[in-house]
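Student: I should like to learn how to read cysteines, sheets and empty spaces in a structural model. May we work through one together?

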Amino acid sequence: MDITFGMACDDFAVVVSDMTAARSIMTFKHDEEKIMQIDNKKLLACGGDQSSRVQFAEYIQKNLALNRLRTGLELSNHATANFIRGEIARALRSRGAYQTNCLLASVTDEEGPGLYYLDYFGSLQKVDYTAHGYGAYFSLSLLDAQYAPNLKEEEGLQVIKNCCDQLCKRFLINLPKYMIKVIPADPNKSIYEEVYCPEFREFDKN
């Protein structure tokens with residue numbers, strides 16, 4: 001039931017996930033962190049099976065940190081996305097396939113902000129905006145209507161919050177809290193995060 005979505009503009013990249021940990025008909029908690037910070041300018045949002053999601057995100061984070069220690073180099077957006085895709089594809093052809101879908105948001109000086117869509121079959125695509133899970137039915141139409149590559153950070157956050165508001169209003173399942181994380185293209189700014197709790201609004205009866 002995990003929901004993740006995001007977008008990349010000229011000045012920033014942003015990813016969002018719900019913060020609900022649930023199984024079957026039971027909700028365990030509403031403060032689950034589903035967006036892993038890979039480094040100072042990379043975020044990996046994962047959704048899916050609880051064990052696969054946590055294990056895979058930590059596996060990617062530690063292996064990329066090991067690569068930096070070995071080589072002294074930072075991987076580009078494209079290289080990082082392909083490394084993650086390669087690990088999903090390799091696991092898919094073994095007995096230990098990861099049941100997790102991912103969004104990679106990253107910023108480098110050479111490539112700027114980027115957003116990559118990865119699913120548990122090993123598909124990879126660079127996109128301007130996308131979504132995983134049931135939230136895609138509600139958020140993609142809003143992102144399609146309101147996205148523009150030249151959006152400012154405040155405008156982009158408002159678009160993201162509009163998506164969260166619609167999920168709160170229209171989605172059958174109650175997901176009360178969302179984690180929003182923004183990577184600015186400005187190298188002097190650090191990753192910004194915000195916990196957003198949409199306010200329920202009744203449908204207009206007119």
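Student: How many disulfides does a search of the whole structure find?

Tutor: A disulfide is a covalent bond between the sulfur atoms of two cysteines. In this case, which is a predicted model, the search of the whole structure finds 0 disulfides. Cys9, for example, is in no disulfide, and the nearest cysteine sulfur, that of Cys163, is 12 Å away.

Student: Is Cys9 buried or exposed?

Tutor: Cys9 counts as buried, because its relative accessibility is 4% and the cut-off for buried is under 20%.

Student: Why is Cys197 without a bond to Cys168?

Tutor: The two sulfurs are too far apart for a bond: Cys168 holds the closest cysteine sulfur to that of Cys197, and the distance is 9.7 Å. A disulfide would require the pair to lie within 2.5 Å. As for its surroundings, Cys197 has 47% relative accessibility and therefore counts as partly exposed.

Student: Let us turn to the sheet. In what order do the strands of the open sheet of 5 strands run?

Tutor: The order is S5-S6-S7-S8-S9, and the pairing is antiparallel. Strand S5 (35-39) and strand S9 (124-127) stand at the edges; each has a single partner strand, so one side of each is left without a neighbour in the sheet. On average, neighbouring strands of this sheet are turned by 20 degrees against each other, direction ignored.

Student: Over how many bridges do strand S7 and strand S8 pair?

Tutor: Strand S7 (residues 100-108) pairs with strand S8 (residues 112-118) in the antiparallel sense over 7 bridges. To locate this pairing on the model, one may start at Cys102, which stands opposite Leu118 in S8.

Student: How does one read the empty spaces, and how much space lies in the largest pocket?

Tutor: Rolling a probe the size of a water molecule over the atoms shows where empty space is left. Here the largest pocket holds about 360 Å³ of space. Its lining consists of 18 residues, and those nearest the centre are Met1, Ala21, Ala22, Arg23 and Ser24. Strand S3 (21-23), strand S4 (26-29) and helix H1 (50-71) are the elements that give two or more residues to this lining. S3 gives the most, with 3 residues. By class, the lining of the largest pocket divides into 6 nonpolar, 6 polar and 6 charged residues.

Student: Ser24 appears in that list. Where does Ser24 lie, and what is its phi?

Tutor: Ser24 lies in the loop between S3 and S4. Its phi is positive, about 55 degrees, although Ser24 is not a glycine. Ser24 is also exposed, with a relative accessible area of 71%.

Student: Which residues lie closest to the centre of the second largest pocket?

Tutor: The second largest pocket holds about 240 Å³ of space. It is lined by 14 residues, of which Lys41, Lys42, Glu74, Val107 and Thr108 are the closest to its centre. The lining of the second largest pocket comprises 4 nonpolar, 3 polar and 7 charged residues.

Student: How many cavities of 30 Å³ or more does the structure hold?

Tutor: A cavity differs from a pocket in that the probe fits but cannot get out. The structure holds 1 cavity of 30 Å³ or more, and the largest cavity has a volume of about 40 Å³. Asp39, Lys42, Leu64, Arg68, Glu74, Leu75 and Thr80 line the largest cavity. This lining has 2 nonpolar, 1 polar and 4 charged residues.

Definitions and conventions. Residues numbered from 1 in each chain as written. Predicted model: local features only at pLDDT ≥ 70, side-chain atom pairs only at ≥ 80, totals over all residues. Heavy atoms only, no water. 1 Å grid on protein atoms, 1.4 Å probe; cavity = no way out; pocket = protein on both sides within 12 Å on 5 of 7 lines; lining within 4 Å. Points joined across faces, edges and corners; volume = space filled by probe spheres on them. Helix = DSSP H or I, 4+ residues; strand = E, 2+ residues; numbered from the N terminus. Nonpolar A, V, L, I, M, F, W, Y, C, P; charged D, E, K, R; others polar. Buried < 20%, exposed > 50% of the residue type's maximum accessible area, 1.4 Å probe, protein only. Pairing = 2+ DSSP bridges. Axes fitted to C-alpha atoms, helices over the stretch in contact; angles between N-to-C directions.
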